[in-house]
Amino acid sequence: KMETIFKYPLSTNSETELELPKLAEILRIDVQNNSIFLWAKVDPDAEKELRVFEVFGTGHTMPDFERKFINTFFVQGGTYVFHAFERLL
């Protein structure tokens, strides 16, 4: 199998549903050019599966779901701090 790193756009302060190749390894969620993206190592030929990612600002309410923390990142020189999770379905 051939693996590739793909980039996917995410929404701010909400959930984003992505159809990722099965067994995609999430590498990072961060800001690039004022937009939030997810980078994942994937097998482009693998069957797809639905996965849900969430981004919350510090102090924002998080709906009551089970989730896995991915990382924390900073926007506008650290003015805003966001926290990225994958919702466990």
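Which side chain makes a polar contact with the side chain of Asp30? Select Asp30 and you will find the side chain of Arg28 at 2.8 Å; a polar contact here is a pair of N or O atoms within 3.5 Å, where within protein one must be able to donate a hydrogen and the other to accept it, and residues adjacent in sequence count only if both atoms are side-chain atoms.

Before moving on, a word on the model. It is predicted, with local features needing pLDDT of at least 70 and side-chain atom pairs counting only at pLDDT 80 or more, while totals for chains, interfaces and linings use all residues. Residues are numbered from 1 along each chain as its sequence is written, and side-chain values use heavy atoms, with hydrogens and water left out.

**Stop 1: around Asp30**

Stay on Asp30, which belongs to strand β3, residues 25–32. (Strands are DSSP runs of E, at least two residues, numbered from the N terminus.) Asp30 counts as buried because its relative accessibility is 16%; buried means under 20% relative accessible area, exposed over 50%, and partly exposed in between, with a 1.4 Å probe and protein chains only. Now show its contacts, meaning heavy atoms within 4.5 Å. Beyond neighbours within four places in sequence, Asp30 meets Ser35, Ile36, Phe37, Trp39 and Phe73.

**Stop 2: the nonpolar core**

Next, select Leu10, Ile29, Leu38, Phe53 and Phe73: of the 17 residues in the largest nonpolar core, these touch the most other members. Such a core is a set of buried Ala, Val, Leu, Ile, Met, Phe, Trp, Tyr and Cys residues joined through side-chain atoms within 4.5 Å. Colour β4 (35–42) too, since β4 gives the core its largest share, four residues.

Centre on Leu10 in strand β1, which is buried with a relative accessible area of 11%. From the C-alpha of Leu10 to that of Ile29 is 8.6 Å, though the two are 19 residues apart in sequence. Setting aside residues within four places, the contacts of Leu10 include Thr16, Leu18, Leu38 and Val55. Then hop to Leu38, whose contacts on the same basis include Phe6, Tyr8, Ile26 and Phe53.

**Stop 3: aromatic rings**

How many aromatic pairs does a search of the whole structure find? There are five, where rings of Phe, Tyr and Trp (its six-membered ring) pair if their centres lie within 6.5 Å; planes under 30 degrees apart count as stacked, over 60 as edge-to-face and the rest as tilted. Pick Phe69 and Phe85: their centres are 5.6 Å apart and their planes at 70 degrees, so the pair is edge-to-face. Phe69 lies in β6 and Phe85 in β7, so this pair ties together parts 16 residues apart in sequence. Phe69 is partly exposed at 44%, whereas Phe85 is buried at 13% relative accessibility. Now select Phe73 and Phe82, a stacked pair at 5.8 Å centre to centre with 20 degrees between the planes; both residues are buried. Add Phe56 to see the cluster that ring pairs make of Phe56, Phe69 and Phe85.

Two arginines deserve a click here. The charged end of Arg67 sits over the ring of Phe85, 5.9 Å from its centre, and that of Arg87 sits over the ring of Phe65 at 3.6 Å from its centre. The test is NZ of Lys or CZ of Arg within 6 Å of the ring centre and within 35 degrees of the ring normal.

**Stop 4: two loops**

Finish with Asn34, in the loop between β3 and β4. Its phi is near 65 degrees, a positive value in a residue other than glycine, and Asn34 is exposed at 71% relative accessibility. Gln76, in the loop between β6 and β7, has a positive phi near 50 degrees and is exposed at 55%.
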